[in-house]
Structures are given as structure tokens and as C-alpha cells.
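Here's an informal walk through one structure, for anyone meeting it for the first time. Have a look at the picture, and then we'll talk about rings, charges, strands and a helix.

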Amino acid sequence: MIVVRLFLLLLVVVFSSSCITAMEWSTDDENDLEYKPPKKVAVFKKDNKSGRKGYQKKEVEDYEDIPDIYEVVASTDDFNEVDILLRSELEEANFKIVKVSHVTKGMKEQGRKDFWEDMNIYLVCKLSDGYFILKRNPHLVGFCPYRIYTYRDKEGQIVVGFVKPSLAISYMGVVDIKAINLLKKHDLQLKKILDDLSK
């Protein structure tokens, strides 16, 4: 009888300890967690050539890191020439200009004479990629279209700049590797367009 009781007690102890090791305790409040940046690697199911299901490791591609706001000085001081070059470079890279806001003109209409010259905002997008960027994160539409701006600095030079599209990654609710790669790719495409204007 004592042997049976010891055996049962031993089973209870073993069973209890195995359950306890499987438990995970956390004092974090789900609603109060800080944002954690997305992981660099995601795993996707994929059919391979042999017809068997497998897993493919998909990574965020490494792109050159550029500043959040990127500016260049145009190679010419003629704004009309910069405007034509910028429009043609954007079109060649398949960016569509949705609208151009003429900030300087609006300020002058309000009687503001002491304002930056040739300040404009070009709202541009790439609709073919917009689907993949916004499909799982519709709130990122607040970052679209992208903004490219111009102004004449105090030395009389035309400055062209943009706020990099990949800033939107910090606000993704659902991490989407394809969208991240597209946003970083757009950073580099816009940078190249601006770099070409400064040559």
C-alpha cells in the first residue's frame, strides 16, 4: 500500500513539474506594449519543384540607408528646367504625378512677400506597387502619395528633396515583407532621380 501511494505521489510530482515547465508567465499588459520593429526574416509556405510542401526563408533585402529627408542642389538655377527634368525623370521611373501644390504662389496670393521662392510640392505615386503596400496596411495611405519638394535657397540655388517613403514601415500594423521591400526600393528610386538632377 505504501508503495502504491509513493508511486502515485511520484506521478503527481512528475506530472505537475512537466506542466509548470510548459507554462509561461508574463507581466506585460497586451494593450500597453511598446512597438517592436519588424523582424528581418519571415517564413512563407511554398510549393517547390518536387511538388512537396516546404518552407522558404524570405528576407528583407538590404538597401542603402538614406536620411529621412534627402535633398540635393539642382545643377541649374532655372526652375522651369528643373521642373521639366524632374517630371521626365519621374515619368521614366513610372511614378505618376498626382498634383503639384504651388506653395510660393499661394503665399504671394495672401500678400506674403518675404517667403521662399519656387517652393512646390509634387505629390507622386506608383499605383502598380500601391496595391501591395496598402493591401494589408490600409492606414499607410496617409503616407501616400509621396512628396517631393522644391525651393530656392538663400544662395539662389534650387533645392529638390523628399521625405523617404520607408518611414511608413514604422507604422505597419501587419508586417509585410513585400511592402517593406517596395518602400525601400522607392526610397532608392527617388534618390536616384534627385541625384540625376544634381549632376
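A charge is said to sit over a ring if NZ of Lys or CZ of Arg is within 6 Å of the ring centre and within 35 degrees of the ring normal. Keep in mind that what you see is a predicted model.

With that in hand, take Lys178: its charged end sits over the ring of Phe132, 3.8 Å from the ring's centre. Lys126 does likewise with Phe95, its charged end sitting over that ring at 4.5 Å from the centre.

| Charged residue | Ring | Distance to ring centre |
|---|---|---|
| Lys126 | Phe95 | 4.5 Å |
| Lys178 | Phe132 | 3.8 Å |

Lys178 turns up again at the start of helix H5. There, a side-chain oxygen of Asp176 comes to within 3.1 Å of the backbone nitrogen of Lys178. And how does the span of H5 work out? The helix covers residues 177–197, which is 21 residues, so at 1.5 Å a residue it should span 30 Å; the C-alpha atoms at its ends are 31 Å apart, which agrees.

Now for rings that meet other rings. A pair of aromatic rings is described by the distance of the centres and the angle of the planes. Searching the whole structure turns up five aromatic pairs. One of them is Tyr70 with Phe162: the centres are 6.0 Å apart and the planes are at 50°, so this pair counts as tilted. Tyr70 belongs to strand E3 (residues 69–73) and Phe162 to strand E7 (residues 158–163), so the pair ties together parts that are 92 residues apart in sequence. Are these two buried or exposed? Both Tyr70 and Phe162 are buried.

Another pair is Trp116 with Tyr151, where the ring centres are 5.6 Å apart and the planes are at 70°, so it's edge-to-face. This one also links distant parts of the chain, 35 residues apart: Trp116 is in the loop between helix H3 (103–109) and strand E5 (117–125), while Tyr151 is in strand E6 (residues 146–152). Trp116 is partly exposed, at a relative accessible area of 35%, whereas Tyr151 is buried, at 17%. Add Tyr149, and ring pairs link Trp116, Tyr149 and Tyr151 into a cluster.

Back to E3 for a moment. Its side chains alternate: Tyr70 and Val72 point to one face and are buried, but Ile69, Glu71 and Val73 point to the other face and are not. E3 and E7 run antiparallel and are joined by five bridges. Across from Glu71, in E7, stands Gly161.

How values were computed
Residues are numbered from 1 along each chain as its sequence is written. This is a predicted model: local features need pLDDT of at least 70, side-chain atom pairs count only at pLDDT 80 or more; totals for chains, interfaces and linings use all residues. Side-chain values use heavy atoms; hydrogens and water are left out. Rings of Phe, Tyr and Trp (its six-membered ring) pair if their centres lie within 6.5 Å; planes under 30 degrees apart count as stacked, over 60 as edge-to-face and the rest as tilted. Helices (H or I, at least four residues) and strands (E, at least two) are DSSP runs, numbered from the N terminus. Buried means under 20% relative accessible area, exposed over 50%, partly exposed in between (1.4 Å probe, protein chains only). The expected span of a helix is 1.5 Å times one less than its number of residues. A polar contact is a pair of N or O atoms within 3.5 Å; within protein, one must be able to donate a hydrogen and the other to accept it, and residues adjacent in sequence count only if both atoms are side-chain atoms. Two strands pair if DSSP finds at least two bridges between them.
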